[in-house]
Amino acid sequence: MAPLLHLIRHAQTTLLAFDPEISRGIQCIALPEVQETSDLPCDTGSNVAILKEKFKNKPVDLSLLSEDWDSKTGKWAPEQEAIERRCRDARQWLKTRDEKAIVVVTHGGLLHYLTEDWAGCDKIQGNGKPSLPPM
(Lines give C-alpha, C1' and ligand atoms only; values in the text may rest on other atoms or scores of the structure.)
Protein backbone atom coordinates (compact mmCIF):
# COMPACT_ATOMS: atom_id res chain seq x y z
CA MET A 1 0.00 0.00 0.00
CA ALA A 2 1.23 3.50 -0.83
CA PRO A 3 -0.73 6.32 0.83
CA LEU A 4 -1.04 9.41 -1.38
CA LEU A 5 -1.51 12.90 0.00
CA HIS A 6 -1.20 16.56 -0.88
CA LEU A 7 -1.63 18.97 2.04
CA ILE A 8 0.01 19.23 5.46
CA ARG A 9 -3.09 17.97 7.27
CA HIS A 10 -3.40 15.07 4.84
CA ALA A 11 0.21 14.11 5.48
CA GLN A 12 -0.29 14.37 9.23
CA THR A 13 -3.49 12.28 9.06
CA THR A 14 -1.82 9.69 6.85
CA LEU A 15 1.24 9.39 9.09
CA LEU A 16 -1.02 8.80 12.10
CA ALA A 17 -3.67 6.59 10.50
CA PHE A 18 -1.23 4.34 8.67
CA ASP A 19 1.50 4.25 11.31
CA PRO A 20 1.69 0.42 11.38
CA GLU A 21 2.20 0.26 7.62
CA ILE A 22 4.61 3.19 7.61
CA SER A 23 6.57 1.56 10.45
CA ARG A 24 7.05 -1.41 8.10
CA GLY A 25 8.64 0.86 5.49
CA ILE A 26 5.72 2.08 3.40
CA GLN A 27 6.30 5.63 2.16
CA CYS A 28 3.68 8.33 1.63
CA ILE A 29 3.72 9.95 -1.80
CA ALA A 30 2.54 13.51 -2.36
CA LEU A 31 0.62 13.35 -5.65
CA PRO A 32 -0.26 16.93 -6.66
CA GLU A 33 -3.00 15.83 -9.05
CA VAL A 34 -5.22 14.80 -6.13
CA GLN A 35 -5.36 18.29 -4.60
CA GLU A 36 -8.79 19.73 -3.81
CA THR A 37 -10.92 21.41 -6.46
CA SER A 38 -11.26 24.97 -5.12
CA ASP A 39 -8.78 27.78 -4.61
CA LEU A 40 -9.90 28.53 -1.06
CA PRO A 41 -6.97 28.76 1.37
CA CYS A 42 -8.12 25.57 3.12
CA ASP A 43 -7.97 23.73 -0.23
CA THR A 44 -4.62 25.07 -1.41
CA GLY A 45 -1.44 23.12 -0.85
CA SER A 46 1.68 24.49 0.76
CA ASN A 47 4.85 25.63 -0.94
CA VAL A 48 7.30 22.80 -1.62
CA ALA A 49 9.98 24.38 0.61
CA ILE A 50 7.55 24.52 3.54
CA LEU A 51 6.57 20.87 3.01
CA LYS A 52 10.22 19.78 2.79
CA GLU A 53 10.95 21.48 6.10
CA LYS A 54 7.78 20.22 7.79
CA PHE A 55 8.32 16.61 6.76
CA LYS A 56 12.10 16.26 6.71
CA ASN A 57 13.09 12.94 8.29
CA LYS A 58 9.53 11.65 7.70
CA PRO A 59 8.57 8.99 5.13
CA VAL A 60 6.93 11.50 2.80
CA ASP A 61 8.04 11.56 -0.85
CA LEU A 62 7.61 15.08 -2.24
CA SER A 63 9.47 14.45 -5.50
CA LEU A 64 6.34 14.68 -7.69
CA LEU A 65 5.55 18.25 -6.55
CA SER A 66 6.52 21.01 -8.97
CA GLU A 67 7.32 24.47 -7.68
CA ASP A 68 3.96 25.77 -8.99
CA TRP A 69 1.77 22.89 -7.80
CA ASP A 70 0.07 25.16 -5.23
CA SER A 71 -0.55 28.06 -7.65
CA LYS A 72 -4.16 27.11 -8.52
CA THR A 73 -3.49 28.28 -12.10
CA GLY A 74 -3.12 26.39 -15.38
CA LYS A 75 -3.05 22.64 -14.73
CA TRP A 76 -3.85 23.33 -11.07
CA ALA A 77 -6.78 25.72 -11.70
CA PRO A 78 -10.11 25.27 -9.88
CA GLU A 79 -11.89 24.81 -13.21
CA GLN A 80 -13.78 21.72 -14.30
CA GLU A 81 -11.63 20.99 -17.36
CA ALA A 82 -8.38 21.28 -15.38
CA ILE A 83 -9.75 19.15 -12.52
CA GLU A 84 -10.93 16.45 -14.92
CA ARG A 85 -7.52 16.45 -16.65
CA ARG A 86 -5.69 16.17 -13.30
CA CYS A 87 -7.90 13.28 -12.23
CA ARG A 88 -7.36 11.51 -15.55
CA ASP A 89 -3.59 11.96 -15.04
CA ALA A 90 -3.89 10.66 -11.47
CA ARG A 91 -5.80 7.56 -12.59
CA GLN A 92 -3.17 6.88 -15.25
CA TRP A 93 -0.38 7.30 -12.68
CA LEU A 94 -2.16 4.98 -10.25
CA LYS A 95 -2.44 2.30 -12.95
CA THR A 96 1.35 2.30 -13.35
CA ARG A 97 1.96 1.43 -9.70
CA ASP A 98 2.99 -2.09 -8.64
CA GLU A 99 1.30 -1.99 -5.22
CA LYS A 100 -1.70 -4.26 -4.74
CA ALA A 101 -3.45 -1.64 -2.55
CA ILE A 102 -3.20 2.14 -2.64
CA VAL A 103 -4.93 4.62 -0.33
CA VAL A 104 -5.69 8.11 -1.66
CA VAL A 105 -6.03 10.66 1.15
CA THR A 106 -7.76 13.75 -0.25
CA HIS A 107 -11.03 15.71 -0.21
CA GLY A 108 -14.46 14.30 -1.02
CA GLY A 109 -15.04 16.86 -3.76
CA LEU A 110 -11.97 15.70 -5.66
CA LEU A 111 -12.90 12.04 -5.16
CA HIS A 112 -16.06 12.55 -7.23
CA TYR A 113 -13.90 13.60 -10.17
CA LEU A 114 -11.30 10.91 -9.51
CA THR A 115 -13.87 8.09 -9.36
CA GLU A 116 -16.31 9.71 -11.81
CA ASP A 117 -19.08 8.92 -9.31
CA TRP A 118 -21.60 11.73 -8.88
CA ALA A 119 -24.50 9.75 -7.44
CA GLY A 120 -26.45 11.99 -5.05
CA CYS A 121 -24.21 15.04 -5.57
CA ASP A 122 -24.30 18.22 -7.58
CA LYS A 123 -21.26 18.39 -9.89
CA ILE A 124 -20.75 22.08 -9.14
CA GLN A 125 -21.38 21.99 -5.38
CA GLY A 126 -19.82 18.57 -4.79
CA ASN A 127 -20.61 17.23 -1.34
CA GLY A 128 -22.03 20.55 -0.16
CA LYS A 129 -25.42 20.36 -1.89
CA PRO A 130 -27.24 17.15 -2.80
CA SER A 131 -28.72 17.20 -6.29
CA LEU A 132 -31.57 14.95 -5.20
CA PRO A 133 -34.60 16.47 -3.46
CA PRO A 134 -34.90 15.73 0.27
CA MET A 135 -37.03 12.71 1.14
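Begin with the whole structure selected: a search across it finds zero disulfides, and since this is a predicted model, every stop below should be read as a feature of that prediction.

Select the cysteines next, beginning with cysteine 28, whose relative accessibility of 0% is under the 20% limit, so cysteine 28 counts as buried. Then move to cysteine 42, which is partly exposed, with a relative accessible area of 42%.

From there, go to threonine 44, in the loop between β2 (28-30) and α3 (48-54). At 22% relative accessibility, threonine 44 counts as partly exposed, because the buried class is limited to values under 20%. Display the backbone oxygen of leucine 40 together with the side chain of threonine 44, and you will find a polar atom of that side chain 2.9 Å from the oxygen. If neighbours within four places in sequence are left aside, threonine 44 is in contact with Leu7, Asp39, Asp70 and Lys72. Add tryptophan 69 to the selection and draw a distance between C-alpha atoms: threonine 44 and tryptophan 69 are 25 residues apart along the chain, and their C-alpha atoms are separated by 9.3 Å.

One of the contacts of threonine 44 is Asp70, and this is the residue to centre on now. Aspartate 70 is found in the loop between β3 (60-61) and α4 (80-95), and, not counting residues up to four places away in sequence, aspartate 70 touches Thr44, Gly45, Ser46 and Asn47. Which side chain of opposite charge is nearest to aspartate 70, and how far away is it? That side chain is lysine 72, at 9.7 Å, and aspartate 70, although buried, has no salt bridge.

Turn next to the helices, starting with α1 (residues 8-17), and colour its buried residues, which are His10, Ala11, Thr14 and Leu15. Look down the axis of α1: these buried residues fall within an arc of 130°, so they line one face of the helix. An α-helix has 3.6 residues a turn, so residues three or four places apart point the same way.

The last stop is helix α5 (residues 108-115), where the buried residues to select are Gly109, Leu110, His112, Tyr113 and Leu114. Show α4 alongside, since the buried residues of α5 pack against α4. Finish by stepping just past the end of α5 to glutamate 116, which takes a positive phi of about 60°.

Note on methods. Residues numbered from 1 in each chain as written. Predicted model: local features only at pLDDT ≥ 70, side-chain atom pairs only at ≥ 80, totals over all residues. Heavy atoms only, no water. Helix = DSSP H or I, 4+ residues; strand = E, 2+ residues; numbered from the N terminus. Buried < 20%, exposed > 50% of the residue type's maximum accessible area, 1.4 Å probe, protein only. Lys, Arg positive; Asp, Glu negative; His and termini not counted. Salt bridge = Lys/Arg side-chain N within 4 Å of Asp/Glu carboxyl O. Contact = heavy atoms within 4.5 Å. Arc of directions from axis to C-beta. Disulfide = S-S within 2.5 Å. Polar contact = N/O pair within 3.5 Å; in protein donor to acceptor, adjacent residues only side chain to side chain.
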